[in-house]
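Visitor: I'd like to go through this one with you, a topic at a time. Could you take my questions as they come?

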Amino acid sequence: MWVQTLPNVVQSRILSFLALEKQRFCSRDLSRLARNVLSGDGEVEFWVKRGARNLLDQVSESSYEWISSLGLDSGGERVNEEFEAMPDWLKDTVGDSDLLLPWLPISPDELNSGTHFVCCGDDLDELVVDTGDGEERVDVVIEEIEIVQSKNAPLDAEVQNTAAGLKAQILTFESSSKTGGLAVQIHELCLQRGGDSFAILGLIEPWKADDEAASVLISHLSDGSEEELGWPSQVVCSIILPKLLVLEEPASRVLVTATIEYCKLHQRAAVYGLLFPLLLRRGGINNPICDVVVRIIKECLHPAHVSAFFQKLLCEEEHVRSFICLPCHQYLISNELVWTESLFNLLQNILNHNVHLTQDSIDHLVYRVQELAEAFSKSLKFGNFLLCLVTKCSPFLKSYKISLTEAVEHTNTLVTKSILSKLSVL
């Protein structure tokens, strides 16, 4: 955030706070901030200028004794190293241990090495590795996911009767408050009665509620306290997924809005309870489904999560593409990815979403492209996808130059020549 874009009174208070708490920040950064404010292009308000000057005075050295101990290029580095160094109390704490912290399995040597691992979110699917030369390498780890499945345990008569009553009430939407109360009852019946929640949701059939009632149910069934692949995924696969699996027209705004908000809170549930089963839809995805999936990916998932999801989607091992759905909807989902023009459109959107793909993902993708070139030889969507792939992923494709060129030569679209031109300079 640029401080200069804030109101003058806010800028002045921020500068005063930084001067008062200067020991909590890097002096070099504070000095740079103060100088930037004072050298601004526009006219600086009096109190803002005074605050910047005061901050600059506070963080500047009060004498020149330090000059004799410095080389020509060591000043900034010394300040930076001192500020970022490990605190003395932490050094003393870990002095007798090989680990930096008891709960953090990283040794001091690993921390001080030139390689840093950045985990994106709560999912360990992907690690972005800084190699130290300004480039990033993406390592995607295919984790084993334990998917919660139906227990196939019989439900007692009381639970069945309660579920039947809830089903009848859900089909008649009277008010948001009443539907919110039904959501509370569903939550209690599924999680506090000790029964099979999959079977209970199958009896209630919440996906048959109209979109407005469904949006209310979704918002009231999210409390953010449950395991991601437990209750949140069951909410997704019992209310949203069945509606989208049979979608033939653009989804309603109220349903899409509720879906986006829920998926932002429960990203892993969105991946395993919604995205995977949708993309493995028997018969393949269509344009309305593609539009919803694109919005979920762009608005709810970090690019690192999308990269991991992309690799799992393309992987040929079925167990990697684990997903969650109610038993009654299993027949709508296939174990294999069905390639359609809408899927090419989706993949193109993913490639344009600032996603770092692994070499393994590229290998799978190129293999599929070579298989599908003749079948989609006149498809402009397939051609646009190929053009995007060659443009975005050219460093990964050098070893495939000849085989890809042969595959593209089987196509005949408006972009065929453009693709061949880009391949020729790999």
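Visitor: Why is there no bond between the sulfur of Cys263 and the closest cysteine sulfur?
Guide: The closest cysteine sulfur belongs to Cys300 and lies 5.0 Å from that of Cys263, which is too far for a bond. A disulfide here is a pair of cysteine sulfur atoms within 2.5 Å, and by this rule the count comes to 0 disulfides. Before we go on, please note that this is a predicted model, in which local features need pLDDT of at least 70 and side-chain atom pairs count only at pLDDT 80 or more, while totals for chains, interfaces and linings use all residues. Residues are numbered from 1 along each chain as its sequence is written, and side-chain values use heavy atoms, with hydrogens and water left out.

Visitor: Is Cys263 buried or exposed? And what about Cys300, buried or exposed?
Guide: Cys263 counts as buried, its relative accessibility being 0%, and Cys300 counts as buried at 5%. The terms follow relative accessible area, computed with a 1.4 Å probe on protein chains only: buried is under 20%, exposed is over 50%, and partly exposed is in between.

Visitor: Changing topic, how many salt bridges does the structure hold?
Guide: The structure holds 10 salt bridges, where the term requires a side-chain nitrogen of Lys or Arg within 4 Å of a carboxyl oxygen of Asp or Glu. One of them joins the side chains of Arg24 and Glu21, with an N to O distance of 2.9 Å; Arg24 counts as exposed at 58% relative accessibility, whereas Glu21 counts as buried at 18%.

Visitor: Which residues are linked in a network of salt bridges?
Guide: Such a network links Arg28, Asp29 and Arg32. Asp29 pairs with Arg28, the closest N and O atoms being 3.9 Å apart, and Asp29 also meets Arg32 through their side chains at 3.2 Å, N to O.

Visitor: Where do Arg32 and Asp29 sit relative to each other in helix H2?
Guide: They are 3 residues apart in helix H2 (residues 27–38), so about one helical turn separates Arg32 from Asp29. Helices are DSSP runs (H or I, at least four residues), numbered from the N terminus. As for accessibility, Asp29 is partly exposed at 38%, Arg28 is partly exposed at 32%, and Arg32 is partly exposed at 44%.

Visitor: On to the inside: which residues touch the most other members of the largest nonpolar core?
Guide: That core has 99 residues, and those touching the most other members are Ile186, Leu274, Leu279, Ile297, Trp339, Leu346 and Phe382. A nonpolar core means a set of buried Ala, Val, Leu, Ile, Met, Phe, Trp, Tyr and Cys residues joined through side-chain atoms within 4.5 Å. Helix H11 (residues 231–245) gives the most to this core, with 9 residues.

Visitor: Why does this core lie between two domains?
Guide: Domain 2 (157–336) and domain 3 (357–425) both give residues to the core, so it lies between them; the domain bounds come from an automatic or database domain assignment.

Visitor: What is Ile186 in contact with, leaving aside its neighbours within four places in sequence?
Guide: With those neighbours set aside, Ile186 is in contact (heavy atoms within 4.5 Å) with Leu166, Ile170, Leu201, Ile204, Leu217 and Trp231. Apart from the largest core lies another, of 14 residues, among them Ala19, Val37, Val48 and Leu56.

Key. Helices (H or I, at least four residues) and strands (E, at least two) are DSSP runs, numbered from the N terminus.
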